[in-house]
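Please open the model in a viewer and keep a selection panel at hand. The tour below proceeds stop by stop, indicating at each what to select and what is to be found there.

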Amino acid sequence: MMMQQNEVSMKKANKTNNQVKKGLFSRLGKIFVIGAVLSFSLSLGLNVLSNQLGIYINVSSSLPYGFYKAEYRKGVHPGLFSIEGINDFDYKMLIDPVNTSLDAVSKGDEHGIALAKDFIRNTLKVERGDVVLFCLNSQLARFAYDRGYIASGKCPGGFAPLGKHVVAVNGDEIEVKERGVFINGQFIAFSKIAEFDGQNRVMPMYAEPGSKFTLEAGELYFLNPKADSFDSRYFGPIKSFYVIAKLKPLWTF
């Protein structure tokens, strides 16, 4: 009789424990769902607000984290999920603007010619010392993304734009030495070229130590003040056509 009572008591206790566990898991599940919804809503709200105010929120380690005032190229503005104003024709020009423009002229494509003229005319004026945002061409962006150098984002192809410091412009002389990069004879700190990345993978090298070259019209050279930055040391000068915005820090950390 006593054993039967103990068995009944144990069954009741187990049933109670199971109910408590189910209730706990149910509450945790609801908390998780609510947290996810709130997080998404907050992210979406910040995205919309920043777009309306022309503010770029940087969450990449390429620049200090925080808020930047963005001056976008005319005709370009950030949407919720992509940077609008960079259509297929524009993006071809980002890869090869001169030949794309000439191709439009050779075909007598009036619409293409008009787009090319607008594209060239609306290119932002970028000077040495500016901080800019730009999209890499698809091949280079894919390489950087696959290696974890950039994240997914709003540039064509679904890749994130890069934020970099402009350290040299048209006419500046770049000299690469073992110590690092020299611009017009002046050494740039943290510019030594790495042979391997943090995962011991061979890095591409645009110019080997001992190289010297001068930037041509419209070319920009990017370096960030950190040794592990993925910048012009590895992908070379970038045409100003690539720049989609100039950034001014508002609050960074």
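**The chain as a whole**

Within the protein chain, 65% of the contacts with a separation of 6 or more are accounted for by residues 24 or more positions apart. The model is a predicted one. Colour the chain by secondary structure to display 6 helices and 14 strands. Then colour by accessibility: buried residues constitute 39% of the 253 residues in the protein chain. If a surface is drawn, the chain exposes about 15300 Å², of which carbon and sulfur atoms supply 59%.

**The largest nonpolar core**

Next, select Phe-134, Leu-136, Ile-174, Tyr-221, Phe-222, Phe-230 and Phe-235; of the 34 residues in the largest nonpolar core, these touch the most other members. At least two residues of this core come from each of several elements, including strand E5 (131-134), helix H5 (138-146), strand E7 (162-168), strand E12 (219-223) and helix H6 (232-235). In soluble globular proteins, nonpolar side chains tend to be buried together.

Centre the view on Phe-230. Leaving aside residues up to four places away in sequence, Phe-230 touches Leu-136, Leu-140, Phe-143, Ala-144, Tyr-149, Leu-162, Lys-164, Met-203 and Phe-235. Apart from the largest core lies another, of 13 residues, with Tyr-56, Tyr-72, Val-76 and Cys-155 among them.

**The disulfide**

How many disulfides does a search of the whole structure find? The search finds 1. Select Cys-135 and Cys-155, which form a disulfide with their sulfur atoms 2.0 Å apart. The torsion about the S-S bond of this pair is about -80°, so the disulfide is left-handed. Cys-135 is in the loop between E5 and H5, and Cys-155 is in strand E6 (residues 152-155), so the pair ties together parts that are 20 residues apart in sequence. Cys-135 is buried, with a relative accessible area of 0%; Cys-155 also counts as buried, at 5% relative accessibility.

**Strand E14 and its partners**

Show strand E14 (residues 243-252) together with strand E2 (residues 66-72): the two pair in the antiparallel sense over 7 bridges. Which residue in E14 is the bridge partner of Glu-71? The partner is Lys-246. Add E5, which pairs with E14 in the antiparallel sense over 4 bridges. Here Leu-133 has Ala-245 in E14 as its bridge partner.

**Lys-239**

Move to Lys-239, placed in strand E13 (residues 238-239). Is Lys-239 buried, exposed or partly exposed? Its relative accessible area is 28%, so Lys-239 is partly exposed. Not counting residues up to four places away in sequence, Lys-239 touches Ala-217, Gly-218 and Glu-219. A polar atom of the Lys-239 side chain lies 3.1 Å from the backbone oxygen of Ala-217. A distance label between the C-alpha atoms of Lys-239 and Tyr-221, 18 residues apart along the chain, should read 8.9 Å.

**Two positive phi values**

Most residues other than glycine have a negative phi. For the final stop, select Phe-190, in the loop between strand E10 (186-187) and strand E11 (212-214). Phi of Phe-190 is positive, near 60°, and the residue is exposed, with a relative accessible area of 52%. Then select Asn-200, which lies in the loop between E10 and E11. Asn-200 is not a glycine, yet has a positive phi of about 65°. Asn-200 is exposed, with a relative accessible area of 59%.

Methods:
Residues are numbered from 1 along each chain as its sequence is written. This is a predicted model: local features need pLDDT of at least 70, side-chain atom pairs count only at pLDDT 80 or more; totals for chains, interfaces and linings use all residues. Side-chain values use heavy atoms; hydrogens and water are left out. A nonpolar core is a set of buried Ala, Val, Leu, Ile, Met, Phe, Trp, Tyr and Cys residues joined through side-chain atoms within 4.5 Å. Buried means under 20% relative accessible area, exposed over 50%, partly exposed in between (1.4 Å probe, protein chains only). Contact means heavy atoms within 4.5 Å. A polar contact is a pair of N or O atoms within 3.5 Å; within protein, one must be able to donate a hydrogen and the other to accept it, and residues adjacent in sequence count only if both atoms are side-chain atoms. A disulfide is a pair of cysteine sulfur atoms within 2.5 Å. Accessible areas come from the Shrake-Rupley method with a 1.4 Å probe; for residues, only the protein chains shown count as cover. Two strands pair if DSSP finds at least two bridges between them.
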